[in-house]
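Me: I'd like to learn how to read a protein model, one feature at a time. Can we go through this one together?

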Amino acid sequence: MSVKPVPRPRMTATARRAEVVEAASAEFAMRGYVGATTEAIARRAGVSQPYVVRLFGTKKALFSACCEANFDLVTETFTRAAEGLPADRRLAAMGDAYGDLLNDRERLLMQLQGYAATGDPEIRALMRDRYAALYRYVEKLSGATPAELRTFFAIGMLCNVAAALELPEIMGSWPKADAAPPPYGAAR
């Protein structure tokens with residue numbers, strides 16, 4: 001027996017679409033691209049499964065929208081963090097702000113699911129293009145050197161893994177701006 005969703009207040013298609021992306025991000029975060037179903041996403045969003053399909057067309061398009069939303073959030077976070085700061089403080093502020101994003105476990109896991117789904121060529125292209133664009137954006141916004149950028153993004157990935165595995169001892173007080181990263185190759 002199918003359970004009908006509870007009627008919800010009318011909203012624009014754009015608002016409903018954002019609501020479905022939020023629900024789908026949570027479902028994909030926990031179950032992955034392959035494991036999540038549009039039926040479970042619809043239930044979580046409080047809409048029908050055919051409505052989800054009508055909004056996005058395919059599960060891949062919905063997953064891609066979730067990945068895009070994650071990159072948009074990181075870009076907006078970096079923009080706000082760097083706003084009004086001198087160039088030499090922007091990269092550290094972006095790192096601090098990213099550290100704060102890691103507290104949202106669902107968003108973190110959704111980001112990692114995006115990377116995990118790159119066996120699909122279309123998702124790989126999306127993730128590659130958005131990651132490269134984020135890299136170039138941080139470069140432009142911060143004025144960082146190539147070595148600083150590589151370190152910034154490498155540290156970000158280390159923080160992703162440590163946060164996902166709930167291993168804060170790997171990070172210590174870092175990635176906060178006032179804490180220096182351990183030197184490469186150093187034993188902890």
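Me: How far apart are the end C-alpha atoms of helix α7, and what span should its 22 residues have?

Reply: Keep in mind that this is a predicted model. Counting 1.5 Å a residue, the 22 residues of α7, from 121 to 142, should span 32 Å. The end C-alpha atoms are 31 Å apart, which agrees. You can try the same check on α8: with 19 residues, α8 reaches 27 Å from its first C-alpha to its last, close to the 27 Å expected.

Me: Which residues of α7 are buried?

Reply: Here's the general idea first. An α-helix has 3.6 residues a turn, so residues three or four places apart point the same way. Now the case here: the buried residues of α7 are I123, L126, M127, R130, L134, V138, L141 and S142. Looking down the axis of α7, you'd find these buried residues within an arc of 100 degrees, so they line one face of the helix.

Me: And which exposed residues sit on the face of α7 turned away from its buried side?

Reply: That face carries P121, E122, R128 and K140. As for the buried residues of α7, their cover includes α1 (13–35), α4 (59–82), α5 (87–101), α6 (105–116) and α8 (146–164).

Me: R130 caught my eye. Is R130 buried or exposed?

Reply: R130 lies in helix α7 and is buried, because its relative accessible area is 17% and the cut-off for buried is under 20%. Leaving out residues up to four places away in sequence, R130 touches E68, F71, D72 and T75.

Me: What happens at the start of α7?

Reply: Look at D120. A side-chain oxygen of D120 comes to within 2.9 Å of the backbone nitrogen of E122. The side chain of D120 also has a polar contact of 2.9 Å with the side chain of K60. K60 itself is in helix α4. Setting aside residues up to four places away in sequence, K60 touches Y33, D120, E122 and I123.

Me: Now the other end. What phi does G143 take, just after α7?

Reply: A useful rule of thumb: most residues other than glycine have a negative phi. G143 takes a positive phi of about 70 degrees. You'll find G143 in the loop between α7 and α8, and G143 is exposed, at a relative accessible area of 57%. Also, the C-alpha atoms of G143 and A87 are separated by 6.5 Å, though these residues are 56 apart along the chain.

Me: Which residue just after α8 takes a positive phi?

Reply: That's E166, with a positive phi of about 55 degrees although E166 is not a glycine. E166 belongs to the loop between α8 and α9 (168–171). With 57% relative accessibility, E166 counts as exposed.

Me: While we're at α8, which of its residues are buried?

Reply: They are L149, F152, F153, I155, G156, C159, N160, A162, A163 and A164. Take C159 as an example: C159 counts as buried because its relative accessibility is 1%.

Me: How many disulfides does a search of the whole structure find?

Reply: First, the idea: a disulfide is a covalent bond between the sulfur atoms of two cysteines. The search here finds 0 disulfides. Take C66 as a case. The cysteine sulfur closest to that of C66 is in C67, and the two are 6.9 Å apart, too far for a bond. C66 is also buried, with a relative accessible area of 1%.

Me: Let's zoom out. How many helices and strands are in the chain?

Reply: The chain has 9 helices and 0 strands. Of its 188 residues, 40% are buried. You can also ask how far along the sequence the contacts reach: among those between residues at least 6 apart in sequence, 64% join residues at least 24 apart.

Me: What pLDDT does the chain average?

Reply: The average is 89, and 86% of the residues score at least 70. Over residues 177–188, though, the pLDDT is below 50, and this stretch has 15 contacts in the model beyond near neighbours in sequence. Where pLDDT is low, the predicted coordinates should not be read in detail.

Terms used:
Residues are numbered from 1 along each chain as its sequence is written. This is a predicted model: local features need pLDDT of at least 70, side-chain atom pairs count only at pLDDT 80 or more; totals for chains, interfaces and linings use all residues. Side-chain values use heavy atoms; hydrogens and water are left out. Helices (H or I, at least four residues) and strands (E, at least two) are DSSP runs, numbered from the N terminus. The expected span of a helix is 1.5 Å times one less than its number of residues. Buried means under 20% relative accessible area, exposed over 50%, partly exposed in between (1.4 Å probe, protein chains only). The arc is that of the directions from the helix axis to the C-beta atoms. Contact means heavy atoms within 4.5 Å. A polar contact is a pair of N or O atoms within 3.5 Å; within protein, one must be able to donate a hydrogen and the other to accept it, and residues adjacent in sequence count only if both atoms are side-chain atoms. A disulfide is a pair of cysteine sulfur atoms within 2.5 Å. pLDDT is the predictor's confidence in each residue, from 0 to 100.
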